[in-house]
Structure formats: structure tokens, C-alpha cells
Amino acid sequence: MPTRYIGDGYWEIASRQMSIVTREEQEKFKNAKITVIGCGGIGGETIEMLARMGVGELVLVDQDAFDLSNLNRQTLASITELGLDKSSVAAEKVRLINPYVKTTTFNEHIDQRNIEKVIKDSDIVIDALDNVLTRVIVSRKAEEKRIPYIHGAIHGTLGQISVFLPNTPSYEEMFNLPSLGKELNDETIEELKNVTSGVPPVIGPTPNLIGCLEAFEAYKIITGIGKVTVAPKILTFDLLDLSTFSFDEI
């Protein structure tokens, strides 16, 4: 342990990564506020990695509680957490990993009425969601407030990730969604609900890999290191076919 970190717990936790970033770059992350919407498969891993890398503040959003079907992939879940609110469990896990991280929880479903209060003052918004309608609501508000929006999604062994900034194509543009250019009225909302149908298959490594990648995209944006996967570029993979790991532009 380098002697310059002894006596300051935050910097002891971050010490192994301090040959990758400068003190000034890590300070930026230490002062950052990141909102993670969804505390399940993707979100649980995203939250844990952000805490371990030393983010300053996390806003954790999820209305659901853990059940048995979550245990195959959601790293925040165990038998003892069944029935507990995911956002509250996530906050406690963050406290146990890195007590220097401030947390705020919202145990509620995201819609057009509450999205403003949830993401206000955030430096980054991370999508750990499982439906297109909520992604559109979140991405629109993030674009309006000029907040970077990190998108991640999975299906079975397939995963994808991309980052939307104020000067890039929007989430709706990139994926040519039926809501593009339309008001989110009842008709448009119904169209978006039809884009996502049924309960998708999922196996543990897929959402957890996406969660790690989303966390590191946030780290790159805040610290300024490396190249961000900025839209219209997208990183995709299929864990059953390693030759499919690709970096494309839509």
C-alpha cells in the first residue's frame, strides 16, 4: 500500500487503480453523481462496480423486490434478500463495499411525472432497464438536460451498449423507434409497449458483463480517460459466439 494513501480510507480503496488514473482524474469521479435506473441484473453489477471504483454519489432507482427468479443473475440478490426492495438492498450493499459513497434511493416506477426529480443534477444517467418505453422517457429527459445517457440491453446471451451525448443521435433515432418525433401520448406509449413483449431469456454472465461495461463507460466519461462508445457506435456481443464481439456503427 503506497504510504500516501494510508489514513484515508477512500484513497486506500482506490489505490490499486491509481496507476491508471491521476489523482485529479479520480477526484472528478469522487465528486460525480450518477443515477442508475434499475437495480436488478444489469443495474446490480453497474452499481457495485461504480462503488468499488469510488464514485461520489449514486441515485438508485427501482420499484421491484427480489424474488427467486432473480437469483440466476442478479448479484445483489440472495435468499436473505427475497422480498426486499431492490433499491434499498443496493444502497446497503454500496455502504458495505464503500462507505464513502453517498446513496439516494427511489423505490418507484419511472414515468413522465417523476423522471425530472430522479435525474436532476446527475452527471450521468445509466440505463439498466428492461423495456423500451421507460428507456425513451429517460433518454428524452437526459437529452433535454444535456446529461450523458448510457444505454445497455441484453437478451439471452446477447448484449449491447452505447452512449448518447447531447451532440449525438438520440436513442430513438439510433434504433428507429416508432416514438421518434412524436409526443408521448397514449397512442405512442402503446406502440412502445408493443416493442418489448414477454419475459426475455437471460443467463447470469450477460447482464453482469453489460453492467461492468456501463460502469466503465461512466468512469471514462467522468475521468476523461480512454475512448467512449459514443452513438451511433455500439458494442455488441453474443456469449455463445465469441467471434461476434464487435464494435459497429448503426
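**Close-up views of a predicted model**

**View 1. Val-125, a buried residue in strand β4.** Val-125 counts as buried because its relative accessibility is 0%, where buried means under 20%. Please keep in mind that the model shown here, and in every view below, is predicted. Val-125 belongs to strand β4, which covers residues 124-127. Which residues is Val-125 in contact with, leaving aside its neighbours within four places in sequence? They are Thr-35, Ile-37, Ile-119, Val-138, Ile-147, Pro-148, Tyr-149 and Ile-150. If you would like a distance to check in your viewer, try His-151: its C-alpha lies 8.8 Å from that of Val-125, with the two positions 26 residues apart in sequence numbering.

**View 2. Helix α6, a mostly covered helix.** Helix α6 is built from residues 132-144. From first C-alpha to last, α6 reaches 18 Å, close to the 18 Å expected for its 13 residues at 1.5 Å a residue. Of those 13 residues, 10 are buried. Hydrophobic-looking names are easy to spot in the list, but do look for the others too: the buried set includes Thr-134, Arg-135, Ser-139 and Lys-141. Also in that set are Val-132, Leu-133, Val-136, Ile-137, Val-138 and Ala-142. What covers the buried residues of α6? The cover includes strands β1 (33-37), β4 and β5 (149-155), along with helices α5 (115-119), α7 (171-174) and α8 (186-195). Val-138 links this view to the previous one, as a buried residue of α6 that is in contact with Val-125.

**View 3. Helix α4 and the elements it packs against.** Helix α4 takes in residues 86-97, 12 residues in all. Its end-to-end C-alpha reach is 16 Å, close to the 16 Å expected at 1.5 Å a residue. Lys-86, Ser-87, Val-89, Ala-90, Ala-91, Val-94 and Ile-97 are the buried residues of α4. These pack against two helices, α1 (9-14) and α3 (41-53), and against two strands, β2 (57-61) and β3 (102-106).

**View 4. The whole chain, for orientation.** Zooming out, the chain holds nine helices and eight strands. Its C-alpha trace spans about 60 × 40 × 40 Å along the principal axes. The radius of gyration is 18 Å, which agrees with the value near 18 Å for a compact globule of 250 residues. Half of the picture is interior: 50% of the 250 residues are buried. Among contacts with a separation of 6 or more, 63% join residues 24 or more positions apart. The chain exposes about 12,000 Å², with carbon and sulfur atoms supplying 51% of that area.

Key. Residues numbered from 1 in each chain as written. Predicted model: local features only at pLDDT ≥ 70, side-chain atom pairs only at ≥ 80, totals over all residues. Heavy atoms only, no water. Helix = DSSP H or I, 4+ residues; strand = E, 2+ residues; numbered from the N terminus. Rg over C-alpha atoms; globule rule 2.2 N^0.38 Å. Buried < 20%, exposed > 50% of the residue type's maximum accessible area, 1.4 Å probe, protein only. Contact = heavy atoms within 4.5 Å. Areas by Shrake-Rupley, 256 points an atom, 1.4 Å probe, with all protein chains shown as cover. Expected span 1.5 Å × (residues − 1).
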